Amino acid sequence: MSAIALRQIRAVIAVCEEGSFTRAAERENATQSGISQHVAAVERTLGVKLFERSPAGVVPTPAGLRYYRRCVEAVGML
């Protein structure tokens, strides 16, 4: 099993809260492609799609929303 890095968790949180990879990147002081790569890595590790992507923005899937809530809880505990 692969570990998921804190920066990847923060990327998922930012995308979920911002509804955009671009705004998440600005918030995290990262590039859009970097945020996208972090999210894709988490999706590969978990084996689930976390976000529905469209020209209108990004919306979490039901699995993505559950994962987001767990991430927020875990980061809050740190």
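Here are a few questions and answers about helix α1 and its surroundings in this predicted model.

Q: What span does helix α1 reach from its first C-alpha to its last?
A: Let's start with the helix itself: α1 covers residues 6–18, which makes 13 residues. At 1.5 Å a residue, the expected length is 18 Å. The model comes close to that expectation, with a reach of 18 Å.

Q: Which elements are included in what covers the buried residues of α1?
A: Much of the helix needs cover, since Gln8, Ile9, Ala11, Val12, Ile13, Ala14, Val15 and Cys16 are buried. The cover includes both helices and strands, namely α2, α3, β1, β2 and α4.

Q: How is α1 oriented to α2 where they pack?
A: The two axes lie 8 Å apart and form an angle of about 125°. Oblique covers angles outside the parallel, antiparallel and perpendicular ranges, and 125° falls between 115 and 145. Therefore α1 is oblique to α2.

Q: How many charged residues does the contact of α1 with α2 have?
A: On the α1 side, the contact involves Arg10, Ile13, Ala14, Val15, Glu17 and Glu18. They meet Phe21, Arg23, Ala24, Arg27 and Glu28 in α2. By class, the contact has five nonpolar residues, no polar ones, and charged residues numbering six.

Q: Is Asn29, with its positive phi, buried or exposed?
A: Most residues other than glycine have a negative phi. Asn29 has a positive one near 55°, and this residue sits in the loop between α2 and α3. Because its relative accessibility is 75%, over the 50% cut-off, Asn29 counts as exposed.

Notes
Residues numbered from 1 in each chain as written. Predicted model: local features only at pLDDT ≥ 70, side-chain atom pairs only at ≥ 80, totals over all residues. Heavy atoms only, no water. Helix = DSSP H or I, 4+ residues; strand = E, 2+ residues; numbered from the N terminus. Expected span 1.5 Å × (residues − 1). Buried < 20%, exposed > 50% of the residue type's maximum accessible area, 1.4 Å probe, protein only. Contact = heavy atoms within 4.5 Å. Axes fitted to C-alpha atoms, helices over the stretch in contact; angles between N-to-C directions. Parallel < 35°, antiparallel > 145°, perpendicular 65-115°, else oblique. Nonpolar A, V, L, I, M, F, W, Y, C, P; charged D, E, K, R; others polar.
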